[in-house]
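This briefing goes through a few local features of one structure. Please keep the sequence and the coordinates open while reading.

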Amino acid sequence: MVDKVVLDVGGTLFHTSRSTLERTSEYFRRSFAQKDQDNALEDGWQKQTIFLDSDPPAFRRLLAYMRHNTTIGVFPPDDPLLFATLLAECEYYGLTRLLEHVKARTHRHMNGITDEFAEDDDLEAARKFDAQTGGWQMALNSGLLPARYFEPTPPTPSRRIVQLVPTSGKTYYVIGHMASDALLLGPGQADAMIRMSQWVAKHSGLVRKVACFALVQDNDGTTLVEPMVLLSSEDQEACMSGQPGHVYQDDLNPNFLELYPHEKRMLLASEYMRSPAVTIFRKQVELDKLWTHLIVTDNAPPPEIGIEHGPQ
């Protein structure tokens with residue numbers, strides 16, 4: 001069997017071997033097996049030039065990966081278009097491990113995981129990346145890729161909780177989708193007014209109990225008050241993918257745990273909105289398409305309809 005293969009990639013010739021292409025690419029394994037079957041009585045297709053309708057600069061990098069089995073130099077840090085093309089070509093040619101590497105590395109950078117050997121293998125980390133971002137296409141559209149592949153998420157300005165304040169009653173933090181049909185008024189309803197309480201009661205995506213309020217101070221001295229959201233069991237499982245679910249215990253008074261025994265199950269509302277606890281529910285819904293509301297009531301909280309549904 002002839003091992004040498006000549007590829008015409010978008011008008012550029014590449015000389016390589018069948019064994020190199022089949023070693024890492026599901027596409028070439030299937031393609032060559034089919035050619036063998038179709039030409040079982042002939043001996044000559046291996047000597048023909050095979051045309052591929054692909055981008056030559058991207059394929060050159062992928063071929064280097066297939067030859068040397070290293071990711072060094074495959075992805076350019078200063079060419080987002082080429083980076084996106086490489087991901088698309090990875091998927092097309094079935095370079096599964098290379099695509100898993102991109103997802104896993106990005107997942108670890110997004111979630112502050114510095115010790116790769118203490119975390120899941122690439123396959124599991126890639127699965128968590130898909131669950132958290134919606135896939136590499138969504139990560140490209142949102143700007144997570146290529147930025148987070150090359151470096152961790154930039155640290156946010158240091159914040160400090162200086163005081164905790166109890167709630168005045170049963171308080172709930174409610175998140176909803178702006179595309180809810182409550183905003184879609186019919187003919188003659190342009191001047192209609194909808195009570196917020198009525199709207200929230202029917203269009204709440206997620207509902208979480210507020211444990212207390214926190215007075216938060218930034219490095220620049222700015223202070224604000226935020227709800228402390230009590231995490232559900234589902235929230236805690238989602239946060240275990242890498243983003244810790246706790247407040248800044250070291251900055252609080254020693255009686256904190258006695259006053260608030262749920263400390264390890266709370267997040268500031270701003271952190272909660274960006275945590276896996278919310279991203280896993282909102283799926284393809286952008287953060288700026290969500291609304292939030294606080295409810296103080298002695299009655300039962302409104303039912304949840306889910307964030308990802310949009311108009312109901």
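The points below cover one helix, one buried alanine and several salt bridges. The model is predicted, and the values given here are computed from it. The search of the whole structure finds eight salt bridges; among them, three are described pair by pair below.

**Helix α4**

- Helix α4 runs over residues 80-92 and has 13 residues. From its first C-alpha to its last it reaches 19 Å, close to the 18 Å expected at 1.5 Å a residue.
- L82, F83, L86, L87, E89 and C90 are the buried residues of α4. They cover an arc of only 165° around the axis, so they are on the same side of α4.
- An α-helix has 3.6 residues a turn, so residues three or four places apart point the same way.
- The cover over the buried residues of α4 includes α3 (56-68), α5, α7 (136-142) and α8 (147-150).
- On the face of α4 turned away from its buried side are the exposed residues P80 and L81.
- G94 follows α4 and has a positive phi, near 65°.

**A104 in helix α5**

- A104 has its place in helix α5, which spans residues 96-110. Its relative accessible area is 0%, so A104 counts as buried, the cut-off being under 20%.
- Which residues are in contact with A104, leaving aside its neighbours within four places in sequence? They are D122, A125 and A126.
- D122 is 18 residues from A104 along the chain, and the C-alpha atoms of the two are separated by 5.2 Å.
- D122, one of these contacts, falls within the residue range of helix α6, 122-133.

**Salt bridge between K103 and D130**

- K103 and D130 form a salt bridge in which the closest N and O atoms are 3.1 Å apart. K103 lies in helix α5 and D130 in helix α6, so the pair ties together parts that are 27 residues apart in sequence.
- The two partners differ in burial: K103 is buried at 13% relative accessibility, whereas D130 is partly exposed at 27%.

**Salt bridge between D36 and R18**

- The closest N and O atoms of the salt bridge between D36 and R18 are 2.5 Å apart. This pair links distant parts of the chain, with D36 in helix α2 (residues 26-38) and R18 in helix α1 (residues 18-24), 18 residues apart.
- Is R18 buried or exposed? R18 is buried, with a relative accessible area of 6%, while its partner D36 is partly exposed, with a relative accessible area of 28%.

**Salt bridge between R29 and E26**

- R29 forms a salt bridge with E26, and their closest N and O atoms are 3.0 Å apart.
- Both residues lie in helix α2, where R29 and E26 are three residues apart, about one turn of the helix.
- R29 is partly exposed at 32% relative accessibility, and E26 is partly exposed at 31%.

**Shared partners**

- K103 in helix α5 and D130 in helix α6 are paired across 27 residues of sequence. Elsewhere, salt bridges that share partners join R18, E22 and D36 into one network.

Methods
Residues numbered from 1 in each chain as written. Predicted model: local features only at pLDDT ≥ 70, side-chain atom pairs only at ≥ 80, totals over all residues. Heavy atoms only, no water. Helix = DSSP H or I, 4+ residues; strand = E, 2+ residues; numbered from the N terminus. Buried < 20%, exposed > 50% of the residue type's maximum accessible area, 1.4 Å probe, protein only. Contact = heavy atoms within 4.5 Å. Salt bridge = Lys/Arg side-chain N within 4 Å of Asp/Glu carboxyl O. Expected span 1.5 Å × (residues − 1). Arc of directions from axis to C-beta.
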